[in-house]
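Biologist: Could you walk me through one part of this model in close-up, and then follow where it leads?

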Amino acid sequence: MVDYYGNRHDERFIYKRVSFPAQVEGEELQQICGGSLESSAFSDIRESGTLDFIGHSKPDDHDLVRIYYTFLDDDDQRATHALATMRMSNSEPVYNGDMVSGSIKLSGLLQVLANKKYGRPFTVRRNTKAVAFAKQLCEGLGLRVNATASSYTTAADHTFKSEDSYLTICNWLMEVAGYAGLDTDAYGVVQMHPYIEPTDRACAWTFRDGENCVFFPDVQVSNNWADTPNVVRLSHETDTVGLWAAAYNIDATSRASIVQRCEECTLYESVSELDGSNATQKLSALKSKANRKLIDNSGTIEYTTLEHAWVPVSRNTSVALEYADAGLAKNGSISNQSISLMPSCPTKSKVRRFVHASLVTRIEGGILWQ
C-alpha cells in the first residue's frame with residue numbers, strides 16, 4: 001500500500017494526448033512544463049486550468065490532455081493517479097526561431113455540452129426517460145457516459161429556449177429525475193448518478209495533525225449565514241392551472257429568520273413538474289416543496305479551507321479534519337480545489353459543511369387559475 005504521509009521520490013507529472021472524439025490515449029506531450037488545475041462543485045463546467053509549454057512544436061489543441069501525478073514512497077511503492085482529462089485551447093503561441101512556447105487554457109469536457117445549442121425551441125416530450133435521453137444527448141456529442149439506470153419519465157412536455165445549451169437540457173433532466181448535476185471523473189467520463197446529501201457520503205479521508213500530518217498549520221474557517229434566504233416563493237403555471245406557494249422562516253432562534261433580521265431575503269423558483277392529478281393536490285405538493293426548499297436552504301453553511309500535499313481526494317469527496325493543536329474537528333464535502341502541478345503537488349481544498357436546520361415555519365399558497 002502506498003504511503004501518502006511520508007517522503008515522495010521520483011515525483012513526475014505525465015501529460016498524455018487523448019484523441020477526440022474517439023478518446024484514445026496516445027503519446028506523452030513532452031513540451032508541457034507545469035501549470036495548475038481548478039475544480040468547483042458549483043461550476044457548470046466543474047473544471048478549468050492552465051498549462052505552460054515550450055518546445056519545437058505546440059500541442060495540438062484539437063486533442064484532449066490527460067494529466068497524471070506519480071511518485072514513489074520510501075518503500076518504492078509507486079502511486080499513479082489521473083488528475084483530470086481536459087480540453088485544450090492555445091490561441092497565442094510565441095515563436096522564437098525553431099522554438100515555440102505559450103500557455104494552454106484548459107476546460108472540462110462538459111464544455112462540449114455548454115458550447116452546443118439547439119438553435120430553436122426544443123421540447124422534451126412527456127413520458128421521456130430522463131436519464132436515458134440525457135445519456136443519448138451526451139454520447140451523440142462524442143462524450144463517454146457512466147450512468148446509473150433510472151425508470152423516471154417526465155410528467156409533462158418541457159420546452160427550452162433556442163439559446164439554451166445541451167448542458168442546460170441535460171442538467172434539467174438530471175434534476176427532475178432526482179440526480180446530481182452532470183460531472184466528469186478524472187478520465188473525462190460524464191457521471192450521471194442520483195443525488196446524495198454530502199452528510200450521507202462516507203468519509204474518504206481524514207486530515208490529522210501530528211506524525212502523519214500532510215496539511216499546513218494555517219486553516220481558515222468561515223460561514224455565510226447572512227446570505228441565507230428566510231422566505232421561499234414558488235410558482236407553477238401550465239395551460240390549465242396557475243399556483244403559488246410561500247414558506248417563511250419565523251423561528252426566533254434562527255439568526256436568518258424574519259423575526260431576527262426584520263427583512264425578507266427571498267429565494268424564488270418556477271416549478272415545472274409537480275405530483276398530483278388536480279389543482280388541489282398540486283398545490284399541496286407545491287407547498288411541501290416550498291417548505292422543504294426553505295429548510296434545505298436555511299442550514300448553517302461552514303467552509304474550512306486547508307492547504308496540503310496532494311492526496312486522493314477531489315471535488316464532492318467527503319473528508320474530515322482533526323486538528324487537535326487548534327481544537328478543530330470538522331467534516332464536510334470538498335466544494336473547491338486548486339492543484340499546482342509542481343513537486344509535492346500543493347493542493348488547496350475548500351470543504352463545505354452543511355448543517356440542516358430544524359425551523360419553525362409558516363406556509364401559505366393558493367390557486368391563481370384553473
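Modeller: Sure. Strands here are DSSP runs of E with at least two residues, numbered from the N terminus, and two of them pair if DSSP finds at least two bridges between them. Bear in mind that this is a predicted model, where local features need pLDDT of at least 70, side-chain atom pairs count only at pLDDT 80 or more, and totals for chains, interfaces and linings use all residues. Residues are numbered from 1 along each chain as its sequence is written, and side-chain values use heavy atoms, with hydrogens and water left out.

Let's look at the hairpin of β1 and β2. Strand β1 covers residues 9-18 and β2 residues 25-28; they run antiparallel, joined by two bridges. Across the pair, Lys16 of the hairpin faces Glu28 in β2. Six residues sit between the strands, and Gln23 has a positive phi near 55°.

Lys16 also turns up in the contact list of Val65 (contact means heavy atoms within 4.5 Å). Skipping neighbours within four places in sequence, Val65 touches Tyr15 and Lys16, and also Leu29, Ile32, Leu51, Ala84, Thr85, Met86, Met88 and Leu106.

Val65 takes us on to the largest nonpolar core, meaning buried Ala, Val, Leu, Ile, Met, Phe, Trp, Tyr and Cys joined through side-chain atoms within 4.5 Å, with buried being under 20% relative accessible area (1.4 Å probe, protein chains only). That core has 38 residues, and Val65, Leu83 and Phe207 have the most contacts inside it. Strand β6, residues 78-89, gives the most to this core, with five residues. Another core, of 33 residues, lies apart from it, and includes Leu109, Val124, Ala134 and Ile169.

Definitions and conventions:
Helix = DSSP H or I, 4+ residues; strand = E, 2+ residues; numbered from the N terminus. Buried < 20%, exposed > 50% of the residue type's maximum accessible area, 1.4 Å probe, protein only.
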